[in-house]
Structures are given as C-alpha cells and as structure tokens.
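Work through these exercises with the structure open beside you. Try each task before you read its solution.

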Number of protein chains: 2
Amino acid sequence: MTTRTALLDAAEHAARTRGFDAFSYADLSRAVGIRKASIHHHFPAKADLAHALISRYRESFALSLKSICEMNETAGARLSAFLDSYRSALSGGEAVCLCVAFSTGRDSFQDPVLAELDGFHRDCLAWLENVFTQALQDKSVSGAGAADAEASACLALVEGAQLIARAARDPRRFDDATTVFRGRLVNRN
Amino acid sequence: MTTRTALLDAAEHAARTRGFDAFSYADLSRAVGIRKASIHHHFPAKADLAHALISRYRESFALSLKSICEMNETAGARLSAFLDSYRSALSGGEAVCLCVAFSTGRDSFQDPVLAELDGFHRDCLAWLENVFTQALQDKSVSGAGAADAEASACLALVEGAQLIARAARDPRRFDDATTVFRGRLVNRN
DNA sequence: GTCTATAGACTGATAGAC
DNA sequence: GTCTATCAGTCTATAGAC
C-alpha cells in the first residue's frame, strides 16, 4: 500500500469518527508513521486532502450502489441493501459516513470540495429516486408515494439515524430509527 | 439584557451556524463587545459555556413542546407543529438546532454536558412517543405503527433533514425530506 | 520522499490592575 | 466586571538538508 493511500485511509477514519476539523496532520503523522512535514509532500494543504478524500469516497460509493443493483432485483431488496450499507458504515456507533461527516463541517471547505459533496448528494438522490420509481412498478415497497419525495425522506432518515446513533455511541439507535421504513420493504429478491 | 445572556445568545448562534468547536472566545468578544478575558469571568472554561448553553436550550425546548400540546389537540396537529419548529430553527438554511450542533461535535464534551444532551434526546423521544400513542387513538396520523418506532424515525427524519438543508444552505431541502411524513398528518385541530 | 527546524497565527486560559 | 498583558499549547504550512 502506498503512503498516499495509508494517509487517505487514516484521514477517512479520523474524519468519520471525529470530524474533518478535529484531526490534525500531527494525528495522521502518528497514525501512519511519518513526520508532519512529509504529509505536505502528498497533500500540500489540508484542503487538498479534503478534496482527495471526498472524491475517492464518491467514486467508491457509486460502485457500491452499482453493486447493490447487480446483486438485488427488486426495489425493496435494493433499499434494504442500501440501509445495510449505511448501517455498517456506523462501525459500532463510532463513525458516520464521510458524507455526513463533511456535511457537519461544511464551513471549512472551499468550492472544489463543496462541488464534490453536492455531487455526492445528487448521485445518491438520483439513485434512490430511480429505485423508488421502480418500486411503483414492482410493488416491493408498501405505501410508496412520489419517488422524489420518498428519495429525499429516505436520505434524511438514514443520515439522521447515523447522527443519532453516533451521538449515543450505540448502533441500535440506527435500527430503532429505521424499523418503520424496513417494515415497508418486501424483501423477496 | 445581562452580559451573560448576550454571551449565551451569541454562543448559541455561533454553535448552531458553525459548530461549537468552530467559534472562539475571540469571536464572542467581537459579537458582544467585551474583551476575551472578561468572558472567562462569566464562563471560566468553554466547557462551562457548553453546559450553560445546552441546559438553557433543554429547558426552553421543553416549554416549547408543552406549548405545542396546549395549542393543538390532535396528534396530527401536534406533529405538524413539531415539524414547524424544526423547520423554523433552520433560519433560512444557515443553522441547525443546538441538539444537532452538539451531536456532531460530541467528542469535545465531558460528562455534565453529555448527560444534558442525552436528557434532551430522551425528553424529545418521550414526547414523540406520547403523541404517536395518541395518534393510534385519534386516527390523526395515517398508517401509524408502533409508537416507539415512529418516534425514533420521526426524530431521525427531522435531524437528517436539518443536516441536509444546512449542508445545501437551502431550507427547501427540509421541506422535500418531510413531504411524505407531512402527507400522513390529518391536520384538523 | 522523508527528515529537522521553524514560522506565524490562533486557541483557551491566567494574573493582576482598576 | 472589565481591562491589559501574557502564557503555553496547538494548528497549518514552508525552507532546505539528505
């Protein structure tokens, strides 16, 4: 593994557990085992690190959504897998997804990072809207309404559930918050 | 207005728009018009300020929930007013409620503050559970399931919706995320 | 690519005069 | 209660040797 990748991994972990502004190059230095100054060789400013982080995350998340579609046929099964991925991102209640972590500290960021963050949200909402549109056909989500409204509500629900679970350091809070929604999903595949 | 109150007001505004760790005594100094050192007379450590903030907020929120119950009869109308209060806390997309702001920066806080924050969550969930229990009787929320599950989902929804709206600096995102839920409320009073 | 050394700004916090 | 002055610690970032 390259030093650059090790730095990105350590930074992602720190950002998701403590927030982007709450870790320093000194923390990364300790985690990866090189000096602070050496990190600046890979990411001259912390803004460069932020951009690399969110950009890598956006790409990997897009792949993950694609994989969900390949492995699940019905809208209900796809949404169930979507919930699972947000649930597993909690890491036992210690972390939130990078998207939530960056949303809470949005002030620190400049245009290139904000654009990538907005792009992430758009990707996610577009995918959800597609799946909820499919749900109207295949009847695999009970009581499904307008696809765009359902998509917005679903994203807010999982992000809010992550926030609450991490605040309580208890992933069961995520399960509590998503119980009603899960009950609407017809889980045959 | 006392200096102490002016400091709390300025701190609350800063915490809700930028986060508790993102403002300094220097910022408060500028906002209120006294020197940094003078702030330490009112709040010796920043942790004392955090405690005073969340404690004041918890009390005023409890009063606000009580007022909602006095002014609205049905569960549907009460939940609609609950949504309104979270929606108006957005301040045009610039802020989140103090509870969300403190949840995102939970690492910075010590026990007395965390206890108050947890208490706030408990208060809020207990109130919601009561209202959803009422909804099973008065039929003012369509498709209502188990009260505790509905309460957890409702809190996650409004907190997630605030997060997304503030990230986009656009309060309409809050409306988008809460459209489906609003549609379930029977709004006669 | 990694290092030592350092700069310059900001943080929360304290001492002591008025 | 507010002030000036100052502290030690942290932060991001840079210069230049190896």
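**Exercise 1. Find how B:Ser24, B:Tyr25 and A:His42 meet the phosphates of DNA strand C.**

Step 1. Start with B:Ser24: one of its polar side-chain atoms sits 3.0 Å from a phosphate oxygen of DNA strand C. This is a predicted model.

Step 2. Go on to B:Tyr25. Here a polar backbone atom is 3.0 Å from a phosphate oxygen of the strand.

Step 3. Turn to chain A. A:His42 places a polar side-chain atom 2.8 Å from a phosphate oxygen of DNA strand C.

**Exercise 2. Describe the protein surface near DNA strand C.**

Step 1. List the elements that give two or more residues. They are helix 3 (36-42) of chain A, and helix 2 (25-32) and helix 3 (36-42) of chain B.

Step 2. Pick the largest share. Helix 3 of chain A supplies it, with 4 residues.

Step 3. Sort the residues by type: 8 are nonpolar, 6 polar and 3 charged.

Step 4. Name those that come nearest. Of the 17 residues around the strand, these are A:Arg35, A:Ser38, A:His42, B:His40 and B:Lys46.

Step 5. Look at the DNA side. Sugar and phosphate make up 60% of the strand C atoms that come within 4 Å of the protein.

**Exercise 3. Decide whether B:Cys69 and B:Cys154 are in a disulfide or in none.**

Step 1. Recall the cut-off: the two sulfur atoms must be within 2.5 Å.

Step 2. Check B:Cys69. Its nearest cysteine sulfur, that of B:Cys124, is 12 Å away, so B:Cys69 is in no disulfide.

Step 3. Check B:Cys154. The nearest cysteine sulfur, again that of B:Cys124, is 8.1 Å away, so B:Cys154 is in no disulfide either.

Step 4. Search the whole structure. The count over all chains is 0 disulfides.

Conventions: Residues are numbered from 1 along each chain as its sequence is written. Chains are lettered from A and ligands numbered from 1 in the order in which they are written. This is a predicted model: local features need pLDDT of at least 70, side-chain atom pairs count only at pLDDT 80 or more; totals for chains, interfaces and linings use all residues. Side-chain values use heavy atoms; hydrogens and water are left out. A residue is near a molecule or strand if one of its heavy atoms lies within 4 Å of it. A polar contact is a pair of N or O atoms within 3.5 Å; within protein, one must be able to donate a hydrogen and the other to accept it, and residues adjacent in sequence count only if both atoms are side-chain atoms. Ala, Val, Leu, Ile, Met, Phe, Trp, Tyr, Cys and Pro count as nonpolar, Asp, Glu, Lys and Arg as charged, and the others, Gly among them, as polar.
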